[in-house]
Amino acid sequence: MRVIGFSDFGGPDVLRVMEWPDPHAGPGEVRVRVHAAAVNPADTLLRSGVNAQVLAGVPGPYVPGMDIAGVIDELGPDTETGLTVGDAVMAMVIPVGQAAGGYAEHVVLPAGWVVPAPVGLDHVAAATLPMNGLTALLAFDQLALAPGSVLAVIGAAGAVGGYLVQLGKHAGLTVVADAAPADEALVRDLGATDVVPRDGATANAAARIRELYPDGVDALADAALGGPGLLDAVRDGGTYARFRDEKLPGGHTSNDGGRVTVLTPFVPDYAGRTDKLRQIRDLAEQDVLTPRVAATLPAAAAAEAHRRLEAGGVRGRIVLTF
């Protein structure tokens, strides 16, 4: 089978087409013939070496990719599942082993990691849902906000941020989001009640949110990695969700009676959670979550996909097709 992998960490050009033996499903497993794999920031961090620690002790080459959609083409022996050969499915992949990521023609996974794709979505659209949807859902579950609460979303025009806005609207929250002028209509269509202008300054975003909500918002989800300055937008006793671990200044402590509780949602915690992945599927079928495809490229053009993503400004997900 073809995979898109790399042997050495570096820029996008380290990605290349490789030939690997076809994997086969073992007991409790299914094999997916991958038709589409979304390109995520996590893939670029893995390729560049920023997240090299997750591959410590694992010999290369490595295959990135956390989101796939395709068709079941093999069931392992003694596998108990409602899935059958020929079913259109989607799954999240954790690329921590040798050639274990989603940029591959075939991926073998435990049966519980795979669910039917949403009815009415093609493989390309379905591939944008699993990891980004589960990341947003995990954060939303951890925030545990009551209807009527105020949620601020930074990075609302992005994939995870957009899903958070939609989840908030669906749950009866008031959502305030940031957006560049070109993205304001998009963010409002996703469900934001209020939109503050994005100008690249975290402190300005926090101040503008406070202008709208002088007592601070109940929670803020920082999907754009804006940093600790955004804590100033959160009320005393509120919650701040960040999507990458960072040190916070001492005045903004967390989790132990400090001014603001800080959460770091870690999407592998929902790996294998069939119930949560089915929830994402159901929300997409109900048009609560809207997949957004920024571009479709053949798998062999993975390096170009990484270059585009790292250049910034991508709205939705670039998807590689096999």
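**Exercise 1. Divide the lining of the largest pocket by residue class, then locate the pocket.**

Solution. Step 1: the lining residues of the largest pocket fall into 27 nonpolar, 13 polar and nine charged. In this scheme Ala, Val, Leu, Ile, Met, Phe, Trp, Tyr, Cys and Pro are nonpolar, Asp, Glu, Lys and Arg are charged, and the others, Gly among them, are polar.

The model is predicted: local features need pLDDT of at least 70, side-chain atom pairs count only at pLDDT 80 or more, and totals for chains, interfaces and linings use all residues. Residues are numbered from 1 along each chain as its sequence is written, and side-chain values use heavy atoms, with hydrogens and water left out.

Step 2: the lining has 49 residues, and P41, A42, L45, F243 and R244 lie nearest the pocket centre. A pocket is an open set of points on a 1 Å grid over the protein atoms alone, with protein on both sides within 12 Å along at least five of seven lines; a cavity is a set of points where a 1.4 Å probe fits but cannot get out; lining residues have an atom within 4 Å of a point.

Step 3: the volume of the largest pocket is about 1400 Å³. Grid points are joined across faces, edges and corners, and a volume is the space filled by probe spheres set on the points.

Step 4: two or more lining residues come from each of α1 (41-48), α3, α4, β9 (174-179) and α8. Of these, α1 gives the most, six residues. Helices (H or I, at least four residues) and strands (E, at least two) are DSSP runs numbered from the N terminus.

**Exercise 2. How many cavities of 30 Å³ or more are there, and what lines them?**

Solution. Step 1: the count comes to two cavities of 30 Å³ or more.

Step 2: the largest cavity has a volume of about 60 Å³. Its lining consists of T128, A159, G162, Y163, Q166, L190, T290, P291, R292, G316 and R317. Helix α4 (residues 159-170) supplies the largest share, four residues. By class, this lining has four nonpolar, five polar and two charged residues.

Step 3: the second largest cavity holds about 50 Å³. M92, G112, W113, L134, Y270, A271, G272, R273, T274 and L277 line this second cavity, and they divide into six nonpolar, three polar and one charged.

**Exercise 3. Which residues have the most contacts inside the largest nonpolar core?**

Solution. Step 1: a nonpolar core is a set of buried Ala, Val, Leu, Ile, Met, Phe, Trp, Tyr and Cys residues joined through side-chain atoms within 4.5 Å. Buried means under 20% relative accessible area, exposed over 50%, and partly exposed in between (1.4 Å probe, protein chains only).

Step 2: the largest core has 51 residues, and L151, L164, V165 and V187 have the most contacts inside it. Helix α3 (residues 130-143) gives this core its largest share, eight residues.

Step 3: take V165 and set aside its neighbours within four places in sequence; V165 is then in contact (heavy atoms within 4.5 Å) with V153, A156, V175, A177, V187, L190, G191 and A192.

Step 4: a second, separate core has 37 residues, including Y62, V89, A104 and L297.

**Exercise 4. Where in the chain do the partners of the D13–R307 salt bridge lie, and are D13 and R307 buried or exposed?**

Solution. Step 1: a salt bridge is a side-chain nitrogen of Lys or Arg within 4 Å of a carboxyl oxygen of Asp or Glu. The count under this rule is 16.

Step 2: in the bridge between D13 and R307, the closest N and O atoms are 2.6 Å apart. D13 sits in the loop between β1 (2-5) and β2 (16-19) and R307 in helix α8 (residues 302-311), so the bridge ties together parts that are 294 residues apart in sequence.

Step 3: D13 is exposed at 64% relative accessibility, whereas R307 is partly exposed at 36%.

Step 4: compare E105 and R33, whose closest N and O atoms are 3.9 Å apart. E105 lies in the loop between β5 (88-92) and β6 (106-110) and R33 in strand β3 (residues 29-39), 72 residues apart. E105 is buried at 14%, and R33 is partly exposed at 22%.

**Exercise 5. Which peptide bond is described as cis, and what is the sign of phi at L225 and D287?**

Solution. Step 1: the bond from G60 to P61 is cis, with omega near 0°. P61 belongs to the loop between α1 and β4 (67-75).

Step 2: L225, not a glycine, has a positive phi of about 55°. L225 is in the loop between β11 (217-222) and β12 (234-242).

Step 3: D287, also not a glycine, has a positive phi of about 65°. The loop between α7 (274-285) and β14 (293-298) holds D287, which is exposed at 64% relative accessibility.
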